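Visitor: I have the model open and would like a close look at a single part of it. Could you pick one helix and walk me through its setting, step by step?

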Amino acid sequence: MERSLWVVRDRITTARACDDLLADAAERGIRELVVQVRGRGDAYYRSSLEPRAEALEDPGFDPLDHLLRGGRAVGVRIHAWANVHFVWSSAAGALPRSPQHLVNAHPDWLLRPEGVRYLDPVGGSDWEGIYIDPAERRAALHTLAVFADIVERYPVEGLHYDYIRYPQATYASSPEDHRHVTALVTEAAARLRAKRDGLVISAAVFPDPEVARDRVLQRWPDWARDGLVDLLCPMAYRKDTREVARLLGSARAAAPATRMWGGLMGYANEPGLLREQVRAARDAGCEGAILFAYDPAATGLLDAFASA
């Protein structure tokens, strides 16, 4: 059974952190890492299209390049993880410092329910922060250019979509606005595959297809049916293993022919639960499991995940 880790951007801000990540994966036989390189409309790599991430202090350090070089040496494949429609958040309510960030440069591209200038970057009960409007064509073209730039300049194993959806259906003009999300997936598949044969296009999705469709206008079973994605990662983040099994079984039934990694949450100090849930993903018909999220201090969870 395949194993992978979601690696959040705060784990790749230094060369030492990247090297430790690769060692932790390789030592446990984990050969696929899904690494967040576009977290909030910014870049954890060299980009002329989006500003360098504020968390990167060394101006000469390119985390994605470092991981790709190191990964080749130890047999670990790197997927570039990009948050798509979710482009900014701040617990303090701050906006991006860079004037080039699309929140500052293109406020007219943002999702603005009820005429607000932008969603609160602090987040709320049903949104995480600032989103671009999936119906805004200029924002879509920019996003496509960012994806193509990564794939063209970096030999990544794949490109991984996250937050490729509305924050809630209530922020769309109509339920039919799902077409804007699917249009981006469709166009991205054509553009990225033209850039690179064999590129693995993947997506983190709501695991229940009906909830995904109705709550956030994410019609991922259609993407699978039409061959627009190569790999799905249904996020079955539940402590109840029976519910994990139900959700992953539902996801498997909705996309029976598409490669699937069951998305599992690593609950602190519960390696036994994680082993149980890896088995549930296998029994649901998933080809693999992917853990949210890599934590260098949680070696017990990493060991449990790798050995289950």
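Guide: Happily; here is a tour of helix 9 and of the parts around it. Please keep in mind throughout that this is a predicted model.

Let us begin with the helix itself. Helix 9 covers residues 271-283, which makes 13 residues. From its first C-alpha to its last it reaches 19 Å, close to the 18 Å expected at 1.5 Å a residue. Its buried residues are Leu 273, Leu 274, Gln 277, Val 278, Ala 280 and Ala 281. Why do these residues of helix 9 sit on the same side? They cover an arc of only 160° around the axis, and therefore they share one side of the helix. Just after helix 9 comes Gly 285, with a positive phi of about 100°.

Next, what lies over that buried side? The cover includes strand 1 (2-7), helix 8 (241-254), strand 9, strand 10 (288-292) and helix 10 (299-307). Strands 1, 9 and 10 lead us straight to the sheet, for they belong to a closed barrel of eight strands, in the order 1-2-3-6-7-8-9-10, with parallel pairing. On average, neighbouring strands of this sheet are turned by 25° against each other, direction ignored.

Two of the strands that cover the helix are worth following to a neighbour. Strand 9 (residues 259-265) runs parallel to strand 8 (residues 231-234), and two bridges join them. On the strand 9 side, Met 260 is the bridge partner of Leu 232. Strand 1 runs parallel to strand 2, and here four bridges make the join. Ser 4 has Glu 32 in strand 2 as its bridge partner. Strand 2 (residues 32-38) is largely enclosed by the rest of the structure, because seven of its seven residues are buried.

From strand 2 we can step into the nonpolar interior. The largest nonpolar core has 98 residues, and Leu 33, Tyr 161, Leu 192 and Trp 223 touch the most other members. Helix 4 (residues 137-153) gives the most to this core, with seven residues. A second, separate core of nine residues includes Val 87, Trp 88, Leu 102 and Leu 110. Back at Leu 33, and not counting residues up to four places away in sequence, its contacts include Ser 4, Leu 5 and Val 7, as well as Val 76, Arg 77, Ile 78 and His 79.

Past strand 2, the loop that leads to helix 2 (63-74) holds Leu 56. Leu 56 is buried, with a relative accessible area of 8%. Among the residues that Leu 56 touches, leaving out those up to four places away in sequence, are Ile 12, Thr 13, Ala 43 and Tyr 44. Thr 14 is 42 residues from Leu 56 in sequence, and the two are 7.8 Å apart in space, C-alpha to C-alpha.

To finish, here is another helix set against the barrel strands. Helix 5 (residues 178-195) lies across strand 6 (158-162) and strand 7 (200-205), and runs at about 160° to strand 6. His 178 is found in helix 5, and this residue is buried, with a relative accessible area of 13%. Leaving aside neighbours within four places in sequence, His 178 is in contact with Leu 217 and Arg 219.

Methods:
Residues numbered from 1 in each chain as written. Predicted model: local features only at pLDDT ≥ 70, side-chain atom pairs only at ≥ 80, totals over all residues. Heavy atoms only, no water. Pairing = 2+ DSSP bridges. Axes fitted to C-alpha atoms, helices over the stretch in contact; angles between N-to-C directions. Contact = heavy atoms within 4.5 Å. Expected span 1.5 Å × (residues − 1). Buried < 20%, exposed > 50% of the residue type's maximum accessible area, 1.4 Å probe, protein only. Arc of directions from axis to C-beta. Core = buried A, V, L, I, M, F, W, Y, C linked by side-chain atoms within 4.5 Å.
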